[in-house]
Amino acid sequence: MRVISAAISAFLLLIASLGTVFAAERWEILPPTPPPVAGEKSGFAEVNGIKLYYATVGKGPPVVMLHGGLGNSDYWGLQVKALAPHHQVILVDSRGHGRSTRDTRPYGYDLMADDVVALLDHLKIQRADIVGWSDGGILGLDIAIRHPDRINKIFAFAANTVTSGVKDGVEKNPTFAAYIERAGKEYGKLSATPKEYDAFVDQISHMWATQPNWSDADLKSIKAPVLVVDGDHDEAIKREHTEYIAATVPGAGLLILPNASHFAFLQDPEFFNAAVLHFLDEK
């Protein structure tokens, strides 16, 4: 019996160790949010009835970094270090996110895109590149459609252009659920209204339920160079939708990052950064 018990114990240990291995796939892990980058010059721009937080670092052609929904600009820390030696990096906390305030108007991508354009006006920048993640990628495309004279290139990571491009039940995915929980804690530390996270999520969820809702004609109107990017294990965006965007935007490229998810910029920053730099600096 002892021999059998020992064999069973060894087998259970093997199964447990294999479970640990399988649970440790890179695309299933949500790495820590990077700390703010040293040397950033930060401030608030009073635009469209709110105080929009921004920070700048580096010199060169300007590139605006737009984060995903519920997040904040700190998430780009690993990208800033790679981009700042070659570009003026402009970080933004979208309206109501991070350190930025919001007003009583409903959330909408057009409104949030107009905030970015107003920030460019505030900084006296006529045109800039956009690197956007999720909602940030949507905002980049929105600016390309509605303000084509203000944009150069768009690196659109994990974006959708219609609501059906999002997978059902994404909020139940363990990695994405961990992000939502973390974002709530970060909101409590950064926001001017730290106790209103639930109301904030409710308000922005109304936007997600109906926006974006662009037609093929809208996407075909984009003249700026676009690279459509996603991880091969994105928890939120359907692969066929990512491929559709790349096929519909004129001249757009498509890049699928291996063994990565909606958070590829944290999971594989070296590959992600190399892709960004190659796209932005390619003549």
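**Exercise 1.** In what order do the 8 strands of the open sheet lie?

*Solution.* Keep in mind that this is a predicted model. Start by reading across the sheet: the order is 1-2-4-3-5-6-7-8, and the pairing is mixed. Next, look at the two edges, where strand 1 (41-47) and strand 8 (253-257) each pair on one side only. Finally, follow the twist, which averages 20° from one strand to the next.

**Exercise 2.** Find how strand 5 and strand 6 are joined, and what packs there.

*Solution.* Begin with strand 5 (residues 128-133) and strand 6 (residues 151-157): they run parallel and are joined by 5 bridges. As one pair to locate, take Ile130, whose bridge partner in strand 6 is Ile154. Then turn to helix 4 (residues 135-146), which packs on the sheet and touches strand 3 (62-66), strand 5, strand 6 and strand 7 (226-231). The direction of helix 4 makes about 145° with that of strand 5.

**Exercise 3.** Describe the largest pocket and its lining.

*Solution.* First, its volume is about 450 Å³. Of the 28 lining residues, Val166, Val170, Phe176, Trp208 and Ala236 are the closest to the centre. Now sort the lining by character: 15 residues are nonpolar, 9 polar and 4 charged. Helix 4 returns here, since helix 4, helix 5 (174-190) and helix 6 (197-210) each supply at least two lining residues.

**Exercise 4.** Decide where to read the model with caution.

*Solution.* Overall, the chain averages a pLDDT of 93, and 92% of the residues score at least 70. Over residues 1-21, however, pLDDT stays under 50, and the model has 0 contacts there beyond four places in sequence. Where pLDDT is low, predicted coordinates should not be read in detail.

Notes:
Residues numbered from 1 in each chain as written. Predicted model: local features only at pLDDT ≥ 70, side-chain atom pairs only at ≥ 80, totals over all residues. Heavy atoms only, no water. pLDDT = per-residue confidence, 0-100. Contact = heavy atoms within 4.5 Å. Pairing = 2+ DSSP bridges. Helix = DSSP H or I, 4+ residues; strand = E, 2+ residues; numbered from the N terminus. Axes fitted to C-alpha atoms, helices over the stretch in contact; angles between N-to-C directions. 1 Å grid on protein atoms, 1.4 Å probe; cavity = no way out; pocket = protein on both sides within 12 Å on 5 of 7 lines; lining within 4 Å. Points joined across faces, edges and corners; volume = space filled by probe spheres on them. Nonpolar A, V, L, I, M, F, W, Y, C, P; charged D, E, K, R; others polar.
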